[in-house]
Amino acid sequence: MTRLDSAIRRLTAQRDLLDWASRAIGPAGLVLEIGLGNGRTYDHLRDRLPGRAIYVFERAPAAHPDCYPPEGYLIVGDLFDTLPPFIERHGRGSAALIHIDIGTGDEDANLSLARRLSPLLESLLQAGGILLGDRAFSMPSCRDISADTKVPEGRYFVYQRE
Ligand code: SAM
């Protein structure tokens with residue numbers, strides 16, 4: 001597989017899962033996009049979930065100008081500084097859907113980041129809430145349902161809070 005094939009497969013998995021999760025979640029609860037990047041997946045989510053409150057987290061906003069959330073919905077800063085006050089403000093179990101795409105090429109750093117973020121993300125998910133991630137997370141109260149989706153193993157990770 002070429003790097004181009006691999007990139008296409010990853011983006012296809014990402015889009016298919018965002019579409020699937022947008023249909024699967026219930027009507028109540030926040031949607032969180034973690035890692036705005038250039039805004040591609042945020043743009044997709046807001047298109048698939050019109051009218052829904054989507055909060056976006058990013059430490060260094062540099063998205064395409066058309067892909068910024070409305071005022072009040074972009075939370076700027078490092079996740080370890082911004083997520084705890086967000087949880088305090090909105091409450092544990094306030095999110096119906098979390099999409100997190102923040103990995104880098106440094107696998108050790110990715111593992112450590114996922115380990116530290118897992119309890120914060122887990123506490124935000126409501127019962128039945130879904131997390132889509134570009135990597136594995138360790139969330140004991142969630143079921144790994146990646147295999148129930150049509151996405152090839154290891155390409156993207158899907159969890160549902162019990
Ligand atoms: N899904 C996005 C898209 O489709 O355009 C791409 C996201 S990009 C791969 C990852 C983003 O996560 C980067 O913009 C980076 O600045 C942000 N990020 C990574 N670690 C972060 C952290 N600890 N706190 C806040 N933002 C972070």
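User: Why is asparagine 110 called buried or exposed in this model?
Analyst: In this predicted model, asparagine 110 has a relative accessible area of 2%. Buried means under 20%, so asparagine 110 is classed as buried.

User: Where does asparagine 110 lie, and with which residues beyond its sequence neighbours is it in contact?
Analyst: Asparagine 110 belongs to helix H4, residues 107-124. Leaving aside neighbours within four places in sequence, its contacts are Gly103, Thr104 and Arg135.

User: How do you know that the length of H4 agrees with what its 18 residues should span?
Analyst: At 1.5 Å a residue, the helix should span 26 Å, and its end C-alpha atoms are 25 Å apart; therefore the two values agree.

User: Where in H4 does a kink lie?
Analyst: The kink, of about 40°, is at leucine 117, shortly before proline 119. Leucine 117 is also among the buried residues of H4, as are Ala114 and Leu121. The buried residues of this helix pack against several elements, including strand E1 (30-34), helix H3 (79-90) and strand E5 (125-133).

User: What makes aspartate 106 a cap of the N-terminal end of H4?
Analyst: A side-chain oxygen of aspartate 106 lies 3.1 Å from the backbone nitrogen of aspartate 108. A polar contact requires such atoms within 3.5 Å, and the cap is assigned on that oxygen and nitrogen pair.

User: Why are cysteine 67 and cysteine 142 counted as buried or exposed, and how many disulfides are found?
Analyst: Relative accessibility is 8% for cysteine 67 and 10% for cysteine 142. The cut-off for buried is under 20%, so cysteine 67 and cysteine 142 both count as buried. A search of the whole structure finds 0 disulfides.

Methods:
Residues are numbered from 1 along each chain as its sequence is written. This is a predicted model: local features need pLDDT of at least 70, side-chain atom pairs count only at pLDDT 80 or more; totals for chains, interfaces and linings use all residues. Side-chain values use heavy atoms; hydrogens and water are left out. Helices (H or I, at least four residues) and strands (E, at least two) are DSSP runs, numbered from the N terminus. Buried means under 20% relative accessible area, exposed over 50%, partly exposed in between (1.4 Å probe, protein chains only). Contact means heavy atoms within 4.5 Å. A disulfide is a pair of cysteine sulfur atoms within 2.5 Å. The expected span of a helix is 1.5 Å times one less than its number of residues. The bend at a residue is the angle between axes fitted to the seven residues ending there and the seven starting there. A polar contact is a pair of N or O atoms within 3.5 Å; within protein, one must be able to donate a hydrogen and the other to accept it, and residues adjacent in sequence count only if both atoms are side-chain atoms.
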